[in-house]
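Here's a set of exercises to work through with the model open beside you. Try each task before you read its solution.

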Amino acid sequence: MKPELKDKIKSIRQDYTKFQLLEENISSDPFIQFGIWLHEAFENGDEAANAFSLSTVNEFNTPSSRIVLLRDVSHGGFTFFTNYASHKGKEIEKNKHVSLLFFWKELQRQVRIEGTIEFLSEGESIEYFNSRPRESQLAALASQQSEVIDSRNELEDFFLNVTKLYTNKDVPKPNHWGGYVVISSKIEFWQGRASRLHDRIQYTLLNNSWKIDRLSP
Ligand SMILES: Cc1cc2nc3c(=O)[nH]c(=O)nc-3n(C[C@H](O)[C@H](O)[C@H](O)COP(=O)(O)O)c2cc1C
């Protein structure tokens, strides 16, 4: 790394002074609170506000993370879509415990979610697949997500082949593609505050009701 860059990351400081998160102003339901924050992130111009980091853990306890897009909040959980045969899909098959992390930079906010994964119903996956742009549908067929491929050309050939195969036909959802729902029992909302005295409010599901705790920053 260049010395200037090393200096930059060592010395850059941001003070967080925009908002506060106080017990008297939050919802007793973390899903409602999440909806409020997600809405505010979009309203603030963050077009990628529904992007989050998904961490999975394999059978050897090695974690791995990647960004995916939140597509729904319902069924008591957070829904995203992917290839079930991908690297993450294989890890999820072995270990249903995952962690989600949203970061809304401009609002100086983070939401951290722990949960377990369930499959979205096949019907709902098909419904969502059918609502996607045709190119995305074809790409889902052409891509063997996370597999090693020879070249960019190989991928584009696959895409061309499926495009030809489905000329004038509806593209069917591949069996290996669909939704997961993350059922959560722990959700933490972090609001940056001045002097590193940040607000951290954690919701934990206990006996079907949400316990609210404040955590030290
Ligand atoms: C902004 C953004 C959004 C993404 N959304 C998705 C998504 O919704 N589903 C998905 O499978 N991959 C998505 N990806 C790609 C993943 O980060 C990742 O490369 C892919 O899922 C393969 O991950 P895996 O090999 O760990 O399974 C997205 C990447 C970015 C940067």
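**Exercise 1. Work out whether F34 is buried or exposed, then follow its ring to a partner.**

Start with accessibility: F34 has a relative accessible area of 1%, so it's buried (under 20% relative accessible area; exposed is over 50%, partly exposed lies in between, with a 1.4 Å probe and protein chains only).

One caveat before going on: this is a predicted model, where local features need pLDDT of at least 70 and side-chain atom pairs count only at pLDDT 80 or more, while totals for chains, interfaces and linings use all residues. Residues are numbered from 1 along each chain as its sequence is written, and side-chain values use heavy atoms, with hydrogens and water left out.

Next, the ring pairs. A pair of aromatic rings is described by the distance of the centres and the angle of the planes. Rings of Phe, Tyr and Trp (its six-membered ring) pair if their centres lie within 6.5 Å; planes under 30 degrees apart are stacked, over 60 edge-to-face, and the rest tilted. That rule gives 19 aromatic pairs. For F34 and W104, the centres are 5.9 Å apart and the planes sit at 50°, so call the pair tilted.

Now place both partners. Helices (H or I, at least four residues) and strands (E, at least two) are DSSP runs, numbered from the N terminus. F34 belongs to helix α2 (residues 30-43) and W104 to strand β4 (residues 97-104), so the pair ties together parts that are 70 residues apart in sequence. W104 is buried as well, at 2% relative accessibility.

Last step: zoom out. Ring pairs join F34 and W104 into a cluster whose members include F31, F52, F78, F80 and W210.

**Exercise 2. Which residue meets R109 in a salt bridge, and over which ring does the charged end of R109 sit?**

First, the rule: a salt bridge is a side-chain nitrogen of Lys or Arg within 4 Å of a carboxyl oxygen of Asp or Glu. The count by this rule is 13 salt bridges. R109 makes one of these with E40, at 2.6 Å from N to O. E40 is in helix α2 and R109 in strand β5 (residues 109-119), so the bridge ties together parts 69 residues apart in sequence.

Then check the surroundings. R109 is buried, with a relative accessible area of 5%, whereas E40 is partly exposed at 33%.

Finally, the ring: the charged end of R109 sits over F19, 4.7 Å from the ring centre. (For this, NZ of Lys or CZ of Arg must be within 6 Å of the ring centre and within 35 degrees of the ring normal.)

**Exercise 3. Find the salt-bridge partners of K90 and K105.**

K90 goes with E147, their closest N and O atoms being 3.3 Å apart. This pair links distant parts of the chain: K90 is in helix α3 (residues 87-94) and E147 in the loop between α5 (134-142) and α6 (152-165), 57 residues apart. Both ends are partly exposed, K90 at 43% and E147 at 42%.

K105 pairs with E106, with 3.1 Å between the closest N and O atoms. Here K105 is exposed at 52%, while E106 is partly exposed at 42%.

For a bigger set, look at E23, R193, D199 and R214, which are linked in a network of salt bridges.

**Exercise 4. Which residues of α5 are buried, and what covers them?**

Pick out the buried residues: Q137, L138, A140 and A142. Now see what lies against them, counting contact as heavy atoms within 4.5 Å. The cover includes α4 (122-131), α6 and β6 (177-191).

**Exercise 5. Where is N50, and which residues is it in contact with?**

N50 is in the loop between α2 and β1 (51-57). Despite the loop setting, N50 is buried, with a relative accessible area of 11%. Leaving aside neighbours within four places in sequence, the contacts of N50 are L38, F42, V68, L69, L70, R71 and F102.

**Exercise 6. Put the whole protein together: how many helices and strands are there?**

Count six helices and eight strands. Read along the sequence, they run α-α-β-β-β-α-β-β-α-α-α-β-β-β. Of the 217 residues, 37% count as buried. To finish, take contacts between residues at least 6 apart in sequence: 65% join residues at least 24 apart.
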